[in-house]
Amino acid sequence: MADHVADYDVLVLGSGPGGQKAAIAAAKLGRRVAVVEKRNMIGGVCINTGTIPSKTLREAVLYLTGLNQRELYGASYRVKDEITVADLGMRTQHVIGREVQVIRSQLARNHVTVLPGTGRFLDPHTVGISGEEERKVTADRIVIATGTSPARPDSVQFDERTVIDSDAILHLDRVPETMVVVGAGVIGIEYASMFAALGTKVTMVERRERMLEFCDLEIVEALKYHLRDLAVTFRFGEHVAAVERRPRGALTLLESGKRIPADCVMYSAGRQGRTAELNLEAAGLAADDRGRIRVDEHYATAVPHIYAVGDVIGFPALAATSMEQGRVAAQHACGEPVEELRELPPIGIYTIPEISFVGKSEDELTRDRIPFEVGISRYRELARGQIIGDSYGMLKLLVSSEDRRLLGVHVFGTGATELVHIGQTVMGCGGTVDYLVNAVFNYPTLAESYKVAALDAMNKMRVVARLTADT
């Protein structure tokens, strides 16, 4: 762009968590910034069809079903006997509307221009925008933050009502009595647990032999136990041969010969990067077969002035990490000093009940031959657990047997995605289990589980130390 002045210093394609934070970070550094986004998609997939709607739906399900209170008031307790899609959608639309307002306000406050439409590269520095009016803009630096969409197998005929993906599930006209969920990944298992809590009889079909392979096995087994208690059926090691739409639902045919009738079939077959419409070739870029773009440690692509952040670059594909990637990319693009992201991002899975963890799992530590001890606290042994009626929750600490450093934290149950941050902070500061043993926690709280688990691990290590000294 040496020949003439560009329209913008930084142009961001997409307004999801990564794009939003990249735009604001660049604007705070005094750059001229614009964001390209469809008028009805401010906030991206995260706000409109992904994270925010699904988590709001989860809260509505928990409240209206009274599921968390049944330990106290009995198995038949419900806040509302007949829960409709309208009941669930009302809260979801309210939250989406408020979040869109917040994002618009943040962009405006930081003098970020919003260009409505869909962007595509015309050359490495020029983007054409199609929408209400056709236009083209130039920029010195460009950040791709277009996110992903649900992958749709060519062999499956989606109709947005009987055979659907995770986007269409938010627009069902009724709560189905029966449902098949194909794919027991994070999204599939989250929606399966929500509909099971509503009373839907859910069958999960997964080609692998277990679900959530990156999670602690004990935690996953606890989740499976509770989902089975909600009448979820699991079919592991099974492949779907075909899905046949019928007048009153659909029939899922498995390669093993099983036939599963259901009102609705939801495919959760992973996500596909939204790069098909970007015309990447004009910018000198290419995406892989899943639509993902390769980047370096600063989120720069093979074309140095073009960056990519968020789900479009693949793992870990979390809203929280996308935000930080956007900030880091913007700082690097603007020539500012950059501190790399810490290697301890927490993982949160919003199933019913929740799962969250940070650091290593038992399997990983065993594989790497790192000696460790396990400390466990169960919610039923905590006063707060009794107060809230959570008798199944647990917190597990993995502690180094050599220097007592915290190596991993795994939580299952109420507030798991909040609680994990205490362990994340201790680990990020290089802390040991001694800190948790000696710390004072508010009582009664679930956070107290850290102290209980730390004492459990410390007591086990003391027994080993005594036996070792005796020899």
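**A strand, two cores and a pocket**

Strand β13, which runs over residues 249–254, is mostly covered, since six of its six residues are buried. This description, like everything that follows, concerns a predicted model, and β13 offers a convenient place from which to begin reading it.

On one side of the account stands strand β12, made of residues 240–246, which pairs with β13 in the antiparallel sense over six bridges. The two strands β12 and β13 form a hairpin, with two residues between them, and within this pairing E244 stands opposite L251 of β13. The residue L251 also takes part in the next pairing, where it stands opposite P261 in β14. Strand β14 covers residues 259–262, and its pairing with β13 is likewise described as antiparallel, here over four bridges. A hairpin is formed by β13 and β14 too, with four residues between them, and in its turn G257 has a positive phi of about 105°. Strand β13 can thus be followed from its pairing with β12 to its pairing with β14.

From the strands we may turn to the nonpolar interior. The largest nonpolar core has 53 residues, and those that touch the most other members are L11, L13, F121 and I144. Helix α1, which spans residues 17–28, gives the most to this core, contributing six residues. Apart from this core lies another, of 51 residues, which includes A196, L212, I376 and L407.

What does F121 touch, once its neighbours within four places in sequence are left aside? The residues in contact with F121 are L13, T126, V127, I142, I144, L278, N279, L280, A282, A283 and I306. Two of these, L13 and I144, are named together with F121 among the residues that touch the most other members of the largest nonpolar core.

The last feature on this path is an open space, the second largest pocket, which holds about 470 Å³. It is lined by 21 residues, of which L67, N68, H226, P353 and Y392 are the closest to its centre. Which helices each supply at least two residues of this lining? They are α3, at residues 51–65, α4, at residues 70–73, and α7, at residues 217–229, and it is α7 that provides the largest share, three residues. Sorted by class, the lining of the second largest pocket is made up of eight nonpolar, seven polar and six charged residues.

Methods
Residues are numbered from 1 along each chain as its sequence is written. This is a predicted model: local features need pLDDT of at least 70, side-chain atom pairs count only at pLDDT 80 or more; totals for chains, interfaces and linings use all residues. Side-chain values use heavy atoms; hydrogens and water are left out. On a 1 Å grid over the protein atoms alone, a cavity is a set of points where a 1.4 Å probe fits but cannot get out, and a pocket is an open set with protein on both sides within 12 Å along at least five of seven lines; lining residues have an atom within 4 Å of a point. Grid points are joined across faces, edges and corners, and a volume is the space filled by probe spheres set on the points. Ala, Val, Leu, Ile, Met, Phe, Trp, Tyr, Cys and Pro count as nonpolar, Asp, Glu, Lys and Arg as charged, and the others, Gly among them, as polar. Buried means under 20% relative accessible area, exposed over 50%, partly exposed in between (1.4 Å probe, protein chains only). Two strands pair if DSSP finds at least two bridges between them. A nonpolar core is a set of buried Ala, Val, Leu, Ile, Met, Phe, Trp, Tyr and Cys residues joined through side-chain atoms within 4.5 Å. Contact means heavy atoms within 4.5 Å.
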